[in-house]
Amino acid sequence: MKVEKELSEMSLNELWELFPIFLVEHNDKWDAFYSEMEAKLQYILPQHSIKRISHIGSTAVPGIWAKDIVDVLVEISTDSNIECIAQLIERSGLLRMSTEDRRISLNSGYTKNGFADKVFHIHLRYVGDNDELYFRDYLKDHPQIAKEYETLKLGLWKQFEHNRDAYTEAKTKFIRKWTAIAKSDYAGRY
């Protein structure tokens, strides 16, 4: 009898094989999925800690292909304890992906059999650490740039299908360029 490993026991390469990069056409269901997760987070987190919850990433940009994963940015007040907030989210069933200085990432929808029907990445940050909002807004306001981003991602997809870090790194220059322009154009928006 084969004993299956828990996700926490798998190597990075095993995880990348189980959860490859894959892109799909834009789907309006992502807005509904985001709304469900936003409501869940508002229910489980102390209201005084939440400064903003936002749908970010390519699933928040109409008309472009994206990974079938809804990214949610949770900005909390600077006087909140990010570790305590992360633990509340974990107790609601999400798993921690990473912990960095002043940033914690969590997810749901990853199973031993691959992706579930609904997959989320929760980006927990202090208020103001929100470059993704500027990038999202710029892509929404500039469909031609959004299509360039889509073309870039489609070109990288198969090349880095089983290497999420390389896929992300290959998009970084494009994202940084347009985020900087967005932050200049939209100064003071967030």
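In this predicted model, helix H6 supplies the largest share of the lining of the largest pocket, with 10 residues. The volume of the largest pocket is about 1700 Å³. Its lining comprises 44 residues, and those closest to its centre are Asp 71, Met 97, His 121, His 123 and Thr 168. Seen by element, two or more lining residues come from each of helix H1 (12-18), strand S3 (95-100), strand S4 (103-111), strand S5 (114-126), helix H4 (131-141), helix H5 (143-157) and helix H6 (164-185). By class, the lining holds 18 nonpolar, 15 charged and 11 polar residues.

Thr 168, one of the residues closest to the pocket centre, belongs to helix H6. Its relative accessibility is 43%, so Thr 168 counts as partly exposed. Thr 168 and Leu 156 are separated by 12 residues in sequence. Their C-alpha atoms are 9.4 Å apart in space.

Aromatic pairing was examined next. The structure holds 12 aromatic pairs. In one of them, Tyr 138 and Trp 178, the ring centres are 5.5 Å apart and the planes meet at 25°, so the pair is stacked. Tyr 138 lies in helix H4 and Trp 178 in helix H6, so this pair ties together parts that are 40 residues apart in sequence. Both Tyr 138 and Trp 178 are buried. Trp 178 also pairs with Phe 174. This second pair is tilted, with 6.3 Å centre to centre and 55° between the planes. Here both partners lie in helix H6, four residues apart, about one turn of the helix. Phe 174 is buried, as is Trp 178. These three residues are part of one aromatic cluster, formed by Phe 135, Tyr 138, Tyr 149, Phe 174, Trp 178 and Tyr 186.

Thr 59 was considered as a loop position. This residue sits between strand S1 (50-56) and strand S2 (70-76). Its relative accessibility is 2%; with a limit of under 20% for burial, Thr 59 therefore counts as buried. The side chain of Thr 59 is joined to that of His 55 by a polar contact of 2.8 Å. Beyond its neighbours within four places in sequence, Thr 59 is in contact with His 26, Trp 30 and Asp 31, among others. Further contacts of Thr 59 include Ala 66, Lys 67, Ile 69 and Val 70. Asp 71 is also in contact with Thr 59, and Asp 71 is among the residues closest to the centre of the largest pocket.

Arg 102 occupies another loop, the one between S3 and S4. Both of these strands give two or more residues to the pocket lining. The phi angle of Arg 102 is near 65°, a positive value in a residue other than glycine. Arg 102 has 45% relative accessibility and so counts as partly exposed.

The segment after H6 contains Ala 187. At 61% relative accessibility, Ala 187 counts as exposed. Ala 187 and Tyr 134 are 53 residues apart in sequence. In space, the C-alpha to C-alpha distance between Ala 187 and Tyr 134 is 9.3 Å.

Methods. Residues are numbered from 1 along each chain as its sequence is written. This is a predicted model: local features need pLDDT of at least 70, side-chain atom pairs count only at pLDDT 80 or more; totals for chains, interfaces and linings use all residues. Side-chain values use heavy atoms; hydrogens and water are left out. On a 1 Å grid over the protein atoms alone, a cavity is a set of points where a 1.4 Å probe fits but cannot get out, and a pocket is an open set with protein on both sides within 12 Å along at least five of seven lines; lining residues have an atom within 4 Å of a point. Grid points are joined across faces, edges and corners, and a volume is the space filled by probe spheres set on the points. Ala, Val, Leu, Ile, Met, Phe, Trp, Tyr, Cys and Pro count as nonpolar, Asp, Glu, Lys and Arg as charged, and the others, Gly among them, as polar. Buried means under 20% relative accessible area, exposed over 50%, partly exposed in between (1.4 Å probe, protein chains only). A polar contact is a pair of N or O atoms within 3.5 Å; within protein, one must be able to donate a hydrogen and the other to accept it, and residues adjacent in sequence count only if both atoms are side-chain atoms. Contact means heavy atoms within 4.5 Å. Rings of Phe, Tyr and Trp (its six-membered ring) pair if their centres lie within 6.5 Å; planes under 30 degrees apart count as stacked, over 60 as edge-to-face and the rest as tilted.
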